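The following exercises concern strand order, helix packing and internal cavities. Each task is followed by a solution in steps.

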Amino acid sequence: MAKPDKKLFLLDAYALIYRAYYGLGDNFLYNSKGFNTTAISLFTDFLNRLIQKEKPTHIAIAFDVAGPTERDELVDFYKANREEMPEGIREAIPHIREIIGGFKIPIIEMEGYEADDVIGTVAKDAAKKGFEVYMVTPDKDYGQIVEEHIYMYKPPFRGKPAEIFGVDEILAKWDIERIDQVIDMLALMGDKVDNIPGIPGVGEKTACKLLKQFGTVESLLENTDQLKGKLKEKVEDNAELAMISKQLATIILDVPCDYDLDSFILEEPDKEILSAKFSELEFRSLGKRIIGDEYNVNMSQPSGGGTLFDIDLKGQEATGEKTPEPEVGGKTIEDTDHKYHLVDKVKDQEALAKKLMKQKIICFDTETTDIDANLAEIVGLAFSYKEGEAYYIPVESDSKKAEKTLSIFKPVLENEKITKIAQNIKYDNLVLKWYGIEV
């Protein structure tokens, strides 16, 4: 049977904003005014790339609303362990909402309910009306909503590509037999993010084993006589906690929100609004990429530490000015003794890594696909520790193969006893962070 031609993407705003904010670790992005633009720029870039790549016909973004929800009324400890929202996110939210408005994407939210409740309600309704629905979020609890025409779309992160989970993928991921057992898994093992306690001492493996035997939390609690030892004691002592956890983990699917699916139709963005906002935030490359060549931002050059989007591979500010010509008489590869090695076999790469680990000082460089470290993929890595001699390691475009190659040199790059020299080390460090390497 052919898939529906209506593709609805529902984005979990705060989950994606937090992911963007922490995507580069502590390497936050600032404009020339010292304003932290990390969450805004990375969220905006992801939104634009999602639209360009997936080509949704309909799209909406769900926000949590401040104030108590039904779950807060159930217990006082729900999400009580969450730290206060970082200032960098709190200050970014108004700008992000304005940018969403510039994209002409509707925001959906409902007082007393969370974004996942709103998304779940809309997703189920839209699927019945012939839509192919993608819930864009990294949060695992959305797995309970997945069905034939509803999918989880896990965004790319630190070099890993986006993942789409349908029914088969969710069942395999959790090792369960039915989609609704995602709720039972969370009820048993808990969820630290939302402070859902679960049964103390029961982890994912034990929860999975219990569900294979009993099917649901309720059935487990009715048949504790079949359990033995400490596990029997844990389950019986925390029976009430398990049922409360199941309530907390259950996404509400009948939120009384008023919406019209036709209002979610994707429109062309308002370039005037976006241009003004990008100019205010000093997004040069990002603005050009989204708006086109007509985008032109007039601003003074940052005195240092401009946004990541503004720095090219050679460390020059992307101002449109020509790079100065080299002085006449400088040495070139033609008149300089050199010995360059292509290291494309795993055994040779491992041997090189061992040599590098013995050095006190090394020079390295990344060869990438983009001048923007947030968008770049590594296609090559170069090292040198002797004058006139260097090594080049090609990196494949397949993310798993790339990670495997880079993992060989991870101990070298993370070794604090080895001094590293690079032409544009801030850029290289940020690119490598996406691959889980902390130089």
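**Exercise 1. The five-stranded sheet**

In what order do the strands of the open sheet of five strands lie, and what is the pairing?

*Solution.* The model is a predicted one. Step 1: the order is β7-β10-β9-β8-β11, and the pairing is mixed. Step 2: β7 (339-342) and β11 (419-421) are at the edges with a single partner strand each, so one side of each has no neighbour in the sheet. Step 3: direction ignored, neighbouring strands of this sheet are turned against each other by 25° on average.

Step 4 takes up one pair within the sheet. Strand β9 (residues 378-386) and strand β10 (residues 389-394) run antiparallel and are joined by five bridges. Gly 380 has Pro 394 in β10 as its bridge partner.

Step 5 adds the helices. Helix α17 (residues 425-433) packs on the sheet, where it touches β8, β9 and β11; the direction of α17 makes about 65° with that of β8. Helix α15 lies across β8 (361-368), β9 and β10, and runs at about 135° to β10.

**Exercise 2. A helix pair**

Determine how α15 and α16 are oriented to each other, and state which residues meet.

*Solution.* Step 1: two packed helices are described by the angle and the distance between their axes. Step 2: the axes of α15 (residues 346-357) and α16 (residues 399-413) cross at roughly 10° and come within 9 Å. Step 3: angles under 35 degrees count as roughly parallel, and α15 and α16 are therefore roughly parallel to each other.

Step 4: on the α15 side, the contact involves Val 346, Gln 349, Glu 350, Leu 352, Ala 353, Leu 356 and Met 357. These meet Thr 405, Ile 408, Phe 409, Pro 411 and Val 412 of α16. Step 5: sorted by class, the contact of α15 with α16 has nine nonpolar residues, two polar and one charged.

**Exercise 3. The six-stranded sheet**

Give the strand order of the open sheet of six strands and identify its edge strands.

*Solution.* Step 1: the order is β3-β2-β1-β4-β5-β6, with mixed pairing. Step 2: β3 (107-108) and β6 (163-165) are the edge strands, each pairing on one side only. Step 3: β4 (residues 131-136) and β5 (residues 150-154) run parallel and are joined by four bridges. Tyr 134 stands opposite Tyr 151 in β5. Step 4: helix α1 (residues 13-21) packs on this sheet, touching β1 (6-12), β2 (58-62), β4 and β5. The direction of α1 makes about 65° with that of β1.

**Exercise 4. The second largest cavity**

Which residues line the second largest cavity?

*Solution.* Step 1: the whole structure contains two cavities of 30 Å³ or more. Step 2: the second largest cavity holds about 40 Å³ of space. Step 3: its lining consists of Asp 175, Ile 176, Glu 177, Gln 181, Cys 208, Leu 211 and Lys 212. Step 4: helix α9 (residues 204-214) provides the largest share of this lining, three residues. Step 5: by class, the lining divides into three nonpolar, one polar and three charged residues.

Definitions and conventions: Residues are numbered from 1 along each chain as its sequence is written. This is a predicted model: local features need pLDDT of at least 70, side-chain atom pairs count only at pLDDT 80 or more; totals for chains, interfaces and linings use all residues. Side-chain values use heavy atoms; hydrogens and water are left out. Axes are lines fitted to C-alpha atoms, for helices over the stretch in contact, and angles run from 0 to 180 degrees between N-to-C directions. Helices (H or I, at least four residues) and strands (E, at least two) are DSSP runs, numbered from the N terminus. Angles under 35 degrees count as roughly parallel, over 145 as roughly antiparallel, 65 to 115 as roughly perpendicular and the rest as oblique. Contact means heavy atoms within 4.5 Å. Ala, Val, Leu, Ile, Met, Phe, Trp, Tyr, Cys and Pro count as nonpolar, Asp, Glu, Lys and Arg as charged, and the others, Gly among them, as polar. Two strands pair if DSSP finds at least two bridges between them. On a 1 Å grid over the protein atoms alone, a cavity is a set of points where a 1.4 Å probe fits but cannot get out, and a pocket is an open set with protein on both sides within 12 Å along at least five of seven lines; lining residues have an atom within 4 Å of a point. Grid points are joined across faces, edges and corners, and a volume is the space filled by probe spheres set on the points.
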